[in-house]
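Got your viewer ready? Here is a short walk along the chain, with something to select at each stop.

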Amino acid sequence: MMVVYGADGAASTVVSALTSALTTTASQCQDAIAAVLPVALPVMGAIVVVGIGIKIFKKVTGR
C-alpha cells in the first residue's frame, strides 16, 4: 500500500484509482481472451494434429 505523508485523503485516493484501473484492465483482458480463444484453440489444435501426422508419416515411411 502506498502511503503519502502530509495529505490525509491522498493515500486512499491513490489506492482507489489504482484499484479501479487494475479492475478495468483485468476485465478488458478477460474480454479479449474470451473473444480470441474460440478462434485460436482450433487453429492450435490443427497445428498439433498436422505435426503429429507428419511425425507418424516419417516413422512409417522411414524418411
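**Start at the end of the helix**

Select glycine 62 first: this residue comes right after H1, and its phi is positive, near 75 degrees. Keep in mind that you are looking at a predicted model.

Now step back and colour by secondary structure: the protein has 1 helix and 0 strands. That helix, H1, covers residues 10-61. Try a distance between its end C-alpha atoms: they are 72 Å apart, which agrees with the 76 Å that 52 residues should span at 1.5 Å a residue.

Next, zoom in on leucine 37, where H1 has a kink of about 45 degrees. Proline 38 comes shortly after the kink.

From there, select Val39, Val43, Met44 and Ile47, which make a nonpolar surface patch of about 390 Å². Methionine 44 is part of H1.

Finally, switch on the surface. About 5500 Å² is exposed, with carbon and sulfur atoms supplying 73% of it. Of the 63 residues, 2% count as buried.

Terms used. Residues numbered from 1 in each chain as written. Predicted model: local features only at pLDDT ≥ 70, side-chain atom pairs only at ≥ 80, totals over all residues. Heavy atoms only, no water. Patch = residues over 30% accessible without salt bridge, like charges linked within 9 Å, V, L, I, M, F, W, Y side chains within 5 Å. Areas by Shrake-Rupley, 256 points an atom, 1.4 Å probe, with all protein chains shown as cover. Salt bridge = Lys/Arg side-chain N within 4 Å of Asp/Glu carboxyl O. Helix = DSSP H or I, 4+ residues; strand = E, 2+ residues; numbered from the N terminus. Buried < 20%, exposed > 50% of the residue type's maximum accessible area, 1.4 Å probe, protein only. Expected span 1.5 Å × (residues − 1). Bend = angle between axes of the 7 residues up to and from the residue.
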